[in-house]
Amino acid sequence: MSGLHDCCIIDLPKITDPRGNLSFIEGAQHIPFEIRRVYYLYDIPGGETRGGHAHKELQQLIVAMSGSFDVILDDGYNKKTFSLNRSYYGLYLTNMVWREIVNFSTGAVCMVLASEHYDESDYFRDYREFRNAVKEWHI
Ligand code: TYD
């Protein structure tokens, strides 16, 4: 069982250079999992919200590759908002955390590194179902 207290901003390596900066992420080195999938959100219309789900097992790292957005996390008991606006910060998300991604700036690109391949059966897409599962696991 995981929760909000395990979610955190990871300061990624940054090689500053007059030619432009460079950051990198190695699975199980800079983040606590091996990377099995990468996906990204882009061309997001103003005012749109993404996410709106939790995962039973999946771990993820969210990076604002360009622009900015806010990630609202909720472990069924507490909520916390993280603002991402630098491509050298990654937000680490454990399993069993509901997330909403909001306030996308124009041109924002949200990259997500995931610990597993896509599997719809790993999702909670209904908030009440998620809350009930959290409560059961806390008994
Ligand atoms: P969805 O979970 O709604 O995106 P988000 O949580 O970022 O708002 O996913 C949208 C669609 O894309 C949905 O039909 C599932 C599909 N999808 C994949 O096929 N592979 C993936 O790796 C992801 C993340 C989504």
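1. Which strands each supply at least two residues of the shell around the ligand? They are β4, residues 37-41, and β5, residues 50-55. Keep in mind that this is a predicted model.

2. Now the shell itself. The residues around the ligand are R37, Y39, L41, R50, G51, H53, Y118, Y123 and R125. Sorted by class, the shell has 4 nonpolar, 2 polar and 3 charged residues.

3. Look next at the polar contacts. G51 uses its backbone: an N or O atom there lies 2.9 Å from an oxygen atom of the ligand. H53 uses its side chain, with a polar atom 3.2 Å from a ligand oxygen. R125 also places a polar side-chain atom by a ligand oxygen, at 3.0 Å. As for cover, the ligand has 530 Å² of accessible area on its own, and the protein covers 61% of that.

4. Turn to strand β6, which spans residues 60-66. This strand is mostly covered. Of its 7 residues, 5 are buried.

5. What does β6 pair with? One partner is strand β9, residues 89-93. The two strands are antiparallel and share 4 bridges. To find the pairing in the model, start at V63: its bridge partner in β9 is G90.

6. Strand β11, residues 109-114, is also joined to β6. Here there are 6 bridges, and the strands again run antiparallel. A useful marker is S66, which stands opposite V109 in β11.

7. One general point helps when viewing strands. In a regular strand, side chains alternate between the two faces of the sheet.

Technical notes:
Residues are numbered from 1 along each chain as its sequence is written. This is a predicted model: local features need pLDDT of at least 70, side-chain atom pairs count only at pLDDT 80 or more; totals for chains, interfaces and linings use all residues. Side-chain values use heavy atoms; hydrogens and water are left out. A residue is near a molecule or strand if one of its heavy atoms lies within 4 Å of it. A polar contact is a pair of N or O atoms within 3.5 Å; within protein, one must be able to donate a hydrogen and the other to accept it, and residues adjacent in sequence count only if both atoms are side-chain atoms. Accessible areas come from the Shrake-Rupley method with a 1.4 Å probe; for residues, only the protein chains shown count as cover. Ala, Val, Leu, Ile, Met, Phe, Trp, Tyr, Cys and Pro count as nonpolar, Asp, Glu, Lys and Arg as charged, and the others, Gly among them, as polar. Buried means under 20% relative accessible area, exposed over 50%, partly exposed in between (1.4 Å probe, protein chains only). Two strands pair if DSSP finds at least two bridges between them.
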